[in-house]
Amino acid sequence: MAETQQQVEQSRGVLDRYFEISKRGSTVGAEVRGGLVTFVTMAYIVILNPIILSGKEDVVGNMLDFGQVSAATALAAGVMTILFGIVSKLPFAFAAGLGINAFLAFSVVQEVTWPEAMAIVIINGALIVILSATGLRRMIFDAVPVQLKLAITVGIGFFIAFIGFVNSGFVDATGQSSPPVGLGPAGVGFIATVPTLIFVITLVLTGILVARKVKGGILIGLVTGTIIAVIVEAIWKIGPKFGADGSVNAGGWSLTEPVLEGNPFALPDLGLIGQVSFDFGKVSVVTLVMLVFTLLFTNFFDAMGTMTGLSREAGLADSKGNFPRIKSALVVEGVGAIVGGATSSSSSTVFIESGAGIGEGARTGLANIVTGFVFLLAMFFTPLTQIVPTEVAAAALVVVGAMMMSQIAHIDLGDFRVLLPVFLTAAVMPLSYSIANGIGAGFVSWVLVNAFTGRAKQVHWLLWIVSLGFVIFFARGPIEALFA
């Protein structure tokens, strides 16, 4: 018994030294809790990604299978999250990037087949790896003023909170030109569903626990909210918002229903792995270049912005916004796109929901090992990943968004040349539902405002080039049409 205890202590010592747990002010318990919380807030991707990717016909009429995409999504998320944790030793979990998957499903496959679309994702990933390995991506990162790096963190805070509000049904589209969004389902102006009410209860409970600095406050809030949801569903049989027959239940659970039915165990179908084709003979060179360019810009700056925000939230960034092992982190993130393309699950990238685990205390890559391991288990227990309703997970996102927004206190907003780019960065992210769009608005406005107020020489030359790239990015539709 004493020998076993000694082996346990030695194992903890190895983990502590490798992941620098004590050095970063964390504990093994905090890392495990953080890893679990991150998974809980991200688990919806195993359901949402196949909803977005499957059932969409490509240019020749082929579609991806829901179950295969779900299994591939969990596999890619698990593998990349663990790899990133081991190599970069940072608590940033990976999964199929939202926005990128929608771009593939609604734009790319209108031009190419699904295997060709995934090949484009792999090309995008290879370019990111090259840019990261050569140091160019780090140079761009260093060229960004610290005020914009802080603004990215604030913007992501607003963005992640907005995602929580939308996913919970607390905020919804009105279907009108003005106002475009409103409180409650269809913007009716009041909370009208039980799932949204449970979101509010979970949000308030979690907020109180975090304010009182209760260890595991976010996790406790998630577990409590899930238990309440399971009990409510068992009593009132609310059901899902979208039925299998195409019916719509306005008061139902949005993505995951808090109920277990049948066998929770299922063998994953990994038939999509390797279904890639680099035969682009049926698409023009201009179209192919613009598709790769769009993916590259979105992936490149989404990930860079997310890492910036998460590292600051974890207290791992220095005064310039740099964080430990930044080069390896940027390289591995590019590998995520390659793995995502190879598994036909879309580009795997850093998830802003990792902030929930950081809010729970995660500071090292050990949390990633926990998150990644549970994702791999999720391949075999898909029904279990659906226990936590999206409305409950959304409460954690709002809490974390509020935490990240606190970084605005470190920005001097007395100079309008700083204020306008910071405002645009933080506002455009949630309003356009894109981190890359927010970063682009901030970069371009920073360059222009400073250039025309006598401070052009103080703008880094790389920022000029990147801003020009963003101008092309924003105008890519007309440009493609012009050359096509």
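These are my notebook entries on pockets, cavities, a helix crossing, an aromatic pair and two backbone details in a predicted model.

**Entry 1: the largest pocket**

I started with the open spaces. The largest pocket has a volume of about 980 Å³. I counted 49 residues in its lining, and Leu 48, Leu 98, Gly 99, Ile 163 and Tyr 433 are the ones nearest its centre. Which element gives the largest share of this lining? I found that H11 does, with six residues. Sorted by class, the lining of the largest pocket comes to 23 nonpolar, 20 polar and six charged residues.

**Entry 2: the second largest pocket**

Next I looked up the second largest pocket, whose volume is about 360 Å³. Its lining has 18 residues, with Arg 33, Lys 215, Gly 359, Glu 360 and Gly 361 closest to the centre. Helix H2 and helix H10 (217-236) each supply at least two of the lining residues. The class split here is five nonpolar, seven polar and six charged.

**Entry 3: the cavities**

Then I turned to the closed spaces. How many cavities of 30 Å³ or more does the structure hold? I got two.

The largest cavity has a volume of about 50 Å³. Ten residues would be too many to list from memory, so I kept to those nearest the centre of this 10-residue lining: Val 40, Tyr 44, Val 388, Thr 390 and Ala 393. The elements giving two or more residues to that lining are helix H2 (28-42) and helix H15 (390-405). I noted six nonpolar and four polar residues around the largest cavity, and no charged ones.

The second largest cavity comes to about 30 Å³. Among the residues lining it are Gly 35, Thr 38, Pro 91, Ala 93, Ser 354, Asn 368 and Thr 371. At least two lining residues come from each of H2, helix H13 (354-359) and helix H14 (366-378). This lining has five nonpolar and six polar residues, again with no charged residue.

A note to self on H2: I met this helix in the lining of the second largest pocket, in that of the largest cavity and in that of the second largest cavity.

**Entry 4: H11 against H17**

Having seen H11 at the largest pocket, I checked how H11 packs. The axes of helix H11 (residues 285-313) and helix H17 (residues 435-451) come within 8 Å and cross at roughly 85 degrees. An angle from 65 to 115 degrees counts as roughly perpendicular, so H11 is roughly perpendicular to H17.

Which residues meet at this crossing? From H11 I wrote down Phe 297, Thr 298, Phe 301, Asp 302, Met 304, Gly 305 and Thr 306. On the H17 side they meet Ile 435, Ala 436, Ile 439 and Phe 443. The residues of this contact divide into seven nonpolar, three polar and one charged.

**Entry 5: aromatic rings**

I also went through the ring pairs, and the structure holds 19 aromatic pairs. I picked one of them, Phe 165 with Phe 199, for a closer look. Their centres are 6.2 Å apart and their planes make an angle of 80 degrees, an edge-to-face pair. Phe 165 sits in helix H8 (residues 146-168) and Phe 199 in helix H9 (residues 194-211), so this pair ties together parts 34 residues apart in sequence.

**Entry 6: backbone details**

Last, I looked at the backbone. Most residues other than glycine have a negative phi, and most peptide bonds are trans. I found a cis peptide bond joining Ser 178 and Pro 179, with omega at about -10 degrees. Where does Pro 179 lie? I placed Pro 179 in the loop between strand E2 (171-173) and strand E3 (181-183).

Lys 213 went into the notebook too: its phi is near 60 degrees, a positive value in a residue other than glycine. Lys 213 belongs to the loop between H9 and H10.

Definitions and conventions
Residues are numbered from 1 along each chain as its sequence is written. This is a predicted model: local features need pLDDT of at least 70, side-chain atom pairs count only at pLDDT 80 or more; totals for chains, interfaces and linings use all residues. Side-chain values use heavy atoms; hydrogens and water are left out. Axes are lines fitted to C-alpha atoms, for helices over the stretch in contact, and angles run from 0 to 180 degrees between N-to-C directions. Helices (H or I, at least four residues) and strands (E, at least two) are DSSP runs, numbered from the N terminus. Angles under 35 degrees count as roughly parallel, over 145 as roughly antiparallel, 65 to 115 as roughly perpendicular and the rest as oblique. Contact means heavy atoms within 4.5 Å. Ala, Val, Leu, Ile, Met, Phe, Trp, Tyr, Cys and Pro count as nonpolar, Asp, Glu, Lys and Arg as charged, and the others, Gly among them, as polar. On a 1 Å grid over the protein atoms alone, a cavity is a set of points where a 1.4 Å probe fits but cannot get out, and a pocket is an open set with protein on both sides within 12 Å along at least five of seven lines; lining residues have an atom within 4 Å of a point. Grid points are joined across faces, edges and corners, and a volume is the space filled by probe spheres set on the points. Rings of Phe, Tyr and Trp (its six-membered ring) pair if their centres lie within 6.5 Å; planes under 30 degrees apart count as stacked, over 60 as edge-to-face and the rest as tilted.
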